[in-house]
Amino acid sequence: MKTSTTPRYSARELQAAAAALAEGRFSPTTSRAGAPATIDDQPTQPHRRPDGAADEGEHRTERTPVETGPAAISIGSAPLVRVRAANAGAGASTIALALADVADAAGIRARVLDAATPAWSGLTGATVTELGAAEGWRRGRRGAGVLIDRVDDLVHIPAQVPSPRPAEGVDLTVLDAGWSMRELAASGADTWVSATLAHVEVLVTRPHALALSQSEAALIDLEDQLNAGLVLVVVVGASRWSDRELASAGRLLRAAHRQDAVLFAPLLSAKALPGLGPDPLPKQLTNPSQRLLERITTITGPLTANRT
C-alpha cells in the first residue's frame with residue numbers, strides 16, 4: 001500500500017490560492033496621496049465602532065489594483081524587528097504589541113505594522129485613538145508614542161499587502177508579519193513582508209513538541225540570520241526550557257539556546273488577558289518583553305539614537 005505524499009493545505013490557504021488565480025496576483029493601492037505622519041499626529045477620523053463598522057461620515061477611498069513584483073522595500077531609518085509565529089496561536093501579535101508598549105515606556109517611539117488581512121488581525125482593537133486611513137492602511141495611536149498601522153482592505157495573500165505608509169519620528173518599527181511561515185515562504189520575493197531585510201527576526205512559538213518541530217522548520221529559512229546572531233526565539237507558555245523540552249529541540253533551536261537567544265513569556269488566561277485592547281498590557285507580559293527589548297538593543301544599538 002502506497003502512502004500518499006500529496007501536500008495538505010488549510011481551507012484558508014486554498015481560498016487564498018483561488019483568489020490569487022482569479023485576481024492575477026493583484027494588490028490594492030491608493031489613489032489618494034498621504035503626507036508622512038509623525039507620532040504626534042492629531043486624529044482626523046473617528047474610532048470604529050466595536051462591531052468593526054465605520055462610524056457615520058467616515059470616508060473610504062477606492063483603490064485601483066496594480067500588479068505586484070519583487071517587493072523588498074525601505075521602511076525608514078528606524079531598525080526593523082519582524083515578529084513571526086512559528087505555529088498557529090503562538091501569540092506573535094501579543095509579543096509584537098508588548099514589545100512596542102515597553103519601548104514606549106522607555107521613551108522609544110515605536111510603530112507597529114500589522115500586515116495581516118483585517119479579518120485575521122490581532123490588533124484591531126489595540127489603539128486608543130484612530131487617525132484615519134490612507135494608502136491602504138488604517139492608522140491609530142496607543143500610549144504616549146506608539147503608532148499602529150493595520151491593513152485597511154481585504155487581502156488574500158501576503159503579496160497583496162500594500163507598501164507601508166511613511167511615518168516620521170520613529171525609533172523602532174515592529175512588523176507583525178500576520179501570515180503563517182508557509183504562506184510567507186510561498187510568496188517569497190513577491191511580498192515586502194518577508195523580502196525586506198530586518199535588523200532582528202523574532203520567532204514566537206509554544207513549548208510543546210509539535211510547536212518546537214515547526215519552529216525548527218521555520219528556523220531553516222532563517223539559518224543565515226541565526227548564524228549572524230540576528231534571531232531571537234520567544235517561547236510562550238514556559239518560564240524556562242526543561243531538560244525534556246530541550247531534548248526534543250532540533251539542531252537550530254539548540255543553536256539558538258547556546259546563543260542565549262531563547263526567551264520566555266507566560267501564556268495568560270482569558271481572564272488575565274481577554275484580548276488585545278487599548279488598555280495597558282499586564283505586567284506578566286511587559287516584564288518578559290522588557291528583557292526582549294534589552295536583547296534587541298544588544299543587536300541594534302541604542303534605539304533613541306535614531307531620532308531626528
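Contact here means heavy atoms within 4.5 Å. The model is predicted.

**Exercise 1. Find which residues V204 touches, leaving out those up to four places away in sequence, and place V204 in its core.**

Step 1. List the contacts. V204 touches V83, R84, A85, A86, N87, A90, G91, A92, I95, V234 and V236.

Step 2. Turn to the core. The largest nonpolar core has 60 residues. V204 and L292 are the residues with the most contacts inside this core.

Step 3. Ask which element gives the largest share. Helix α2, residues 92–105, supplies nine residues.

Step 4. Look beyond this core. A second, separate core has 15 residues, including L80, W179, W192 and A198.

Step 5. Add the general background. In soluble globular proteins, nonpolar side chains tend to be buried together.

**Exercise 2. Determine how strand β12 is covered, and which strands pair with β12.**

Step 1. Count the buried residues. Strand β12 spans residues 231–236, and six of its six residues are buried.

Step 2. Split the strand by face. In a regular strand the side chains alternate between the two faces of the sheet. V231, V233 and V235 lie on one side of β12. L232, V234 and V236 lie on the other. Both faces are covered.

Step 3. Take the pairing with β11. Strand β11, residues 200–205, pairs with β12 in the parallel sense over five bridges. V204 has V234 as its bridge partner in β12. V234 is also on the list of residues that V204 touches.

Step 4. Take the pairing with β13. Strand β13, residues 262–265, runs parallel to β12, and four bridges join them. Here V235 stands opposite F264.

**Exercise 3. For three of the salt bridges, give the N to O distance, the burial and the parts of the chain that are linked.**

Step 1. Start with the total. The structure holds nine salt bridges.

Step 2. Work through E201 and R82. Their closest N and O atoms are 2.6 Å apart. E201 lies in strand β11 and R82 in strand β4 (residues 80–85), so the pair ties together parts 119 residues apart in sequence. Both E201 and R82 are buried. A network of salt bridges links R82, R84 and E201. R84 is also among the residues that V204 touches.

Step 3. Work through D101 and R142. Their side chains meet in a salt bridge at 2.9 Å, N to O. D101 is in helix α2 and R142 in strand β7 (residues 137–142), 41 residues apart. The cut-off for buried is under 20% relative accessible area. D101 has 15%, so D101 counts as buried. R142 has 3%, so R142 is buried too.

Step 4. Work through D152 and R138. The closest N and O atoms of this salt bridge are 3.2 Å apart. D152 sits in the loop between β8 (146–151) and β9 (167–168), while R138 is in strand β7, 14 residues apart. Both D152 and R138 are buried.

**Exercise 4. Decide how residues 1–7 and residues 25–36 should be read, given their pLDDT.**

Step 1. Check the whole chain. The mean pLDDT is 80, and 75% of the residues reach 70 or more.

Step 2. Check residues 1–7. Their pLDDT is below 50, and this stretch has zero contacts beyond near neighbours in sequence.

Step 3. Check residues 25–36. Here too the pLDDT is below 50. This stretch has 36 contacts in the model beyond near neighbours in sequence.

Step 4. Apply the general rule. Where pLDDT is low, the predicted coordinates should not be read in detail.

Key:
Residues are numbered from 1 along each chain as its sequence is written. Side-chain values use heavy atoms; hydrogens and water are left out. A nonpolar core is a set of buried Ala, Val, Leu, Ile, Met, Phe, Trp, Tyr and Cys residues joined through side-chain atoms within 4.5 Å. Buried means under 20% relative accessible area, exposed over 50%, partly exposed in between (1.4 Å probe, protein chains only). Helices (H or I, at least four residues) and strands (E, at least two) are DSSP runs, numbered from the N terminus. Two strands pair if DSSP finds at least two bridges between them. A salt bridge is a side-chain nitrogen of Lys or Arg within 4 Å of a carboxyl oxygen of Asp or Glu. pLDDT is the predictor's confidence in each residue, from 0 to 100.
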